[in-house]
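Work through these short exercises with the structure in view. Each task comes with a solution in steps.

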Amino acid sequence: MDNFKAQKIGFKRNHSSIFENVEIDLQTGEGLVVRGANGSGKSTLLRVLAGFLESSAGNIQWNKQTIKNTQSFANQMHYLGHQNGLRNALSVYENLHWYATFAGEEINTAKIQGVLDRLQLAKFWNLRAEKLSAGQARRLAIARLMLVQKPLWILDEPSAALDTQSLELLHNLIAEHISKTGIVIIATHETYFAKLNFAQLSLGNIND
Amino acid sequence: MIKLIVNEINYEMKSIQRDWWNWIIPVVFFVMVAALFPLAIGNNPELLTQIASGIIWIAALLATLLSCGNLFKNDAQSGHLDVLLTGALPVSAILFCKIACHWLAFCGPLILITPLLGIFFKMEVAHIQLLIITLLLGTPILCLLAASLAALTINLENKNLLLPLLIMPLFIPILIFGTGIVLATPAEVSAGLALLGAMLLLSIGFLPLMTMLALKVGVN
Amino acid sequence: MFALFSRFISLKGFYQTTYKYLPFVVVAFLSLFAYGLFAGLFLAPADYQQGEGFRIIYVHVPSAFAAMGIYLIMAYCAILTLIWRIKIAAICMSASAGIGASFTFLALVTGSIWGKPMWGTWWIWDARLTSMLILFFLYLGFIALQSSIADNNTKDRAGALVALVGVINLPIIHYSVNWWSTLHQGATLSKFATPSIALSMLYPLLAMITAFFLFYVILLTLRMRNIILLREVYSDWVKGIAV
Amino acid sequence: MSEVLAMGGYGIFVWPAYGITLSIFLVNLLTIWLENKKIKKLIKHIHEC
């Protein structure tokens with residue numbers, strides 16, 4: 001049973017507060033949708049939760065331990081940002097092959113094949129990542145989530161550039177992850193994810 | 001652990017060598033800068049031989065600045081740096097692998113071509129040998145320094161101007177030892193090399209950590 | 001004692017407390033500076049080698065000392081900033097940089113003016129002048145970096161990292177420049193080596209060194225107060241200050 | 001008096017050195033003062049609007 005908790009976190013840039021007093025408490029099997037207009041600080045909040053940015057107030061805990069400076073937390077988490085985080089010079093297959101070892105997993109060629117098949121990327125396996133279309137690149141980024149099991153998913157606009165078919169797949173992936181062992185935090189405009197019945201957090205009202 | 005490091009190095013080298021211009025440009029730049037000096041100073045062979053080690057070192061320094069200053073540019077643009085923070089290896093170890101690969105790919109060819117430049121400048125063989133040794137010890141320090149400051153300035157708009165300003169003063173000791181050793185007496189040579197080696201070890205120990213901290217500040 | 005300390009450490013407390021103590025520092029500075037100036041220019045006997053020209057020592061050496069010392073203070077503040085996130089330390093670091101740079105510049109200019117009668121040339125690649133020049137570049141780099149970052153938090157941490165790397169390099173730079181100047185020694189005569197100094201020469205020097213550091217403290221306090229106001233522009237306690 | 005100012009021929013070096021020192025001191029104080037005025041103006045502007 002994992003637990004992800006944020007207590008009274010806030011983030012300030014000079015004089016303007018991006019968000020204040022955000023409280024999050026999630027157990028395994030729970031998800032959270034972060035809503036808010038563009039520029040309301042959704043991405044900043046997600047980066048703070050992932051530990052990439054330091055909050056100016058409050059603290060964030062993973063299984064009762066403050067995440068600050070803990071390498072083990074970073075490896076418990078999938079972070080999918082606006083950019084796909086691909087290695088442009090490597091092929092689709094190599095990207096996943098690299099990632100599996102990087103995350104500390106045993107390489108399993110069949111598993112990579114399976115993931116590529118499911119995301120309809122199999123026929124591009126030898127194409128350089130930079131040559132993929134926006135939708136294909138996004139799917140390759142999502143492939144990382146499927147390839148390596150990690151309990152916490154932090155997804156920033158994961159549905160960007162996806163067609164309806166892939167959107168449904170992503171929806172199923174999230175539902176699957178929650179039902180197994182996961183916690184999901186997702187920032188999105190997409191109404192499609194309403195079916196997941198996640199708790200909601202609205203940003204923007206707090207900000208003046 | 002070793003498997004992870006091998007994986008890092010393997011794929012880093014793959015992505016560097018796949019775009020061949022990545023490692024050709026610094027070498028061409030290096031040779032061109034060195035070629036500018038005879039044109040600027042005049043083709044007096046004695047003078048050129050005397051200052052050859054300085055010329056080659058300055059050319060190497062500028063080439064390193066140029067190539068390592070952009071070490072994290074692509075990774076930052078593609079969001080890959082965020083992924084790098086979520087791996088099984090300590091971030092500083094990954095960064096060290098990355099810098100080591102870039103040193104091999106950028107400074108390796110540069111050092112390989114140095115004997116040729118030495119012959120162009122009519123340097124003595126013993127001096128060329130010493131020059132190569134100092135380059136082998138010194139350029140990794142340059143790469144580590146450049147990488148750490150490149151990480152710090154990664155999101156700044158004026159980084160192209162700022163980076164040289166920040167790095168050059170830190171490069172000076174290495175430049176001094178690198179060129180000084182070539183011209184020094186044998187007793188000073190061993191002392192100088194030992195110092196350069198000590199500086200290299202210090203940099204390896206300290207600068208990857210500094211790069212990691214700098215990335216956390218810079219990626220903001 | 002602790003109450004005083006904690007007042008110094010908060011931005012508001014610093015602003016309000018320093019106001020009371022600053023006059024004492026100003027008085028101490030003025031008296032030491034006046035004594036140093038007068039004794040240095042008129043009371044101290046002329047040097048037997050350099051004649052009256054050695055009197056430049058009373059502005060050159062203190063500014064060189066201050067230039068080095070301020071960088072060390074910045075590095076100390078950098079540690080406080082990085083490890084304990086003490087805001088006032090970061091402000092002290094930012095405020096020190098400009099002052100340090102101007103003292104370094106002063107040391108360079110007076111050194112070069114001193115060099116003209118001693119060496120017959122305005123500039124010589126002497127070890128001390130060269131390391132001073134590099135120190136000047138370090139200061140400029142720090143200032144350029146900080147002024148190109150808008151977010152205060154990032155600015156502080158980035159500056160602290162650069163200051164730390166700089167201070168680790170400082171002894172290395174100093175040593176390497178010394179090594180270099182012995183290696184390439186031509187007809188350089190190191191006349192900067194202070195001759196056996198008489199007490200009547202030494203007292204004004206000590207007074208001037210102290211005075212320069214006191215002046216640094218004054219400038220630092222004033223600059224820090226400015227930066228604090230700027231960073232706290234929206235807080236309520238700042239409201240009354242301008243009126 | 002002029003003898004004291006000449007300093008045995010070194011006067012043209014000593015006096016400018018002291019002069020530059022003083023002027024740099026003053027420039028430092030002046031910039032801080034100007035900055036302070038600017039900041040106070042800003043504070044007034046912010047808190048009155």
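In strand β8 of chain A, the residue bridged to A:Leu155 is A:Ile186. The model is predicted: local features need pLDDT of at least 70, side-chain atom pairs count only at pLDDT 80 or more, and totals for chains, interfaces and linings use all residues. Residues are numbered from 1 along each chain as its sequence is written, and chains are lettered from A and ligands numbered from 1 in the order in which they are written.

**Exercise 1. Place strand β7 of chain A among its neighbours.**

Step 1. Know the terms. Strands (E, at least two residues) and helices (H or I, at least four) are DSSP runs, numbered from the N terminus. Two strands pair if DSSP finds at least two bridges between them.

Step 2. Find one neighbour. Strand β6 (residues 77–80) of chain A runs parallel to β7(A), with four bridges joining them. Here A:Met77 sits opposite A:Leu152.

Step 3. Find another. Strand β8 (residues 183–187) of chain A is also parallel to β7(A), and five bridges link the two.

Step 4. Check burial. A residue is buried if 20 or more other C-beta atoms, placed from the backbone, lie within 10 Å of its own; it is exposed with 12 or fewer, and partly exposed in between. In β7(A) (residues 152–156), five of five residues are buried.

Step 5. Sort by face. In a regular strand, side chains alternate between the two faces of the sheet. A:Leu152, A:Ile154 and A:Asp156 lie on one side of β7(A), A:Trp153 and A:Leu155 on the other, and all are buried.

**Exercise 2. Describe how helices α3 and α5 of chain A meet.**

Step 1. Get the geometry. The axes of α3(A) (residues 92–102) and α5(A) (residues 134–147) come within 10 Å and cross at roughly 35 degrees. Axes are lines fitted to C-alpha atoms, for helices over the stretch in contact, and angles run from 0 to 180 degrees between N-to-C directions.

Step 2. List the residues. Contact means that the C-beta atoms of two residues, placed from the backbone, lie within 7 Å. From α3(A) come A:Val92, A:Asn95, A:Leu96, A:Tyr99 and A:Ala100; from α5(A) come A:Leu140, A:Ala143, A:Arg144 and A:Leu147.

Step 3. Class them. Ala, Val, Leu, Ile, Met, Phe, Trp, Tyr, Cys and Pro count as nonpolar, Asp, Glu, Lys and Arg as charged, and the others, Gly among them, as polar. This helix contact has seven nonpolar, one polar and one charged residues.

**Exercise 3. Which residues of chain B and chain C form their contact, by number and class?**

Step 1. Count. Chain B gives 21 residues and chain C gives 24.

Step 2. Locate. On the chain B side, α8 (159–183) and α9 (186–218) each supply at least two residues. The most come from α8(B), with eleven.

Step 3. Class. The side of chain B that touches chain C holds 18 nonpolar and three polar residues, with no charged ones.

**Exercise 4. Describe chain C and its contact with chain D.**

Step 1. Read the fold. Chain C has eight helices and zero strands. Of its 243 residues, 44% are buried.

Step 2. Count the contact. Chain C contributes 27 residues and chain D contributes 23.

Step 3. Locate. α4 (87–119), α7 (199–231) and α8 (236–242) of chain C each supply at least two residues. α4(C) gives the most, eight.

Step 4. Class. The side of chain C that touches chain D has 17 nonpolar, five polar and five charged residues.
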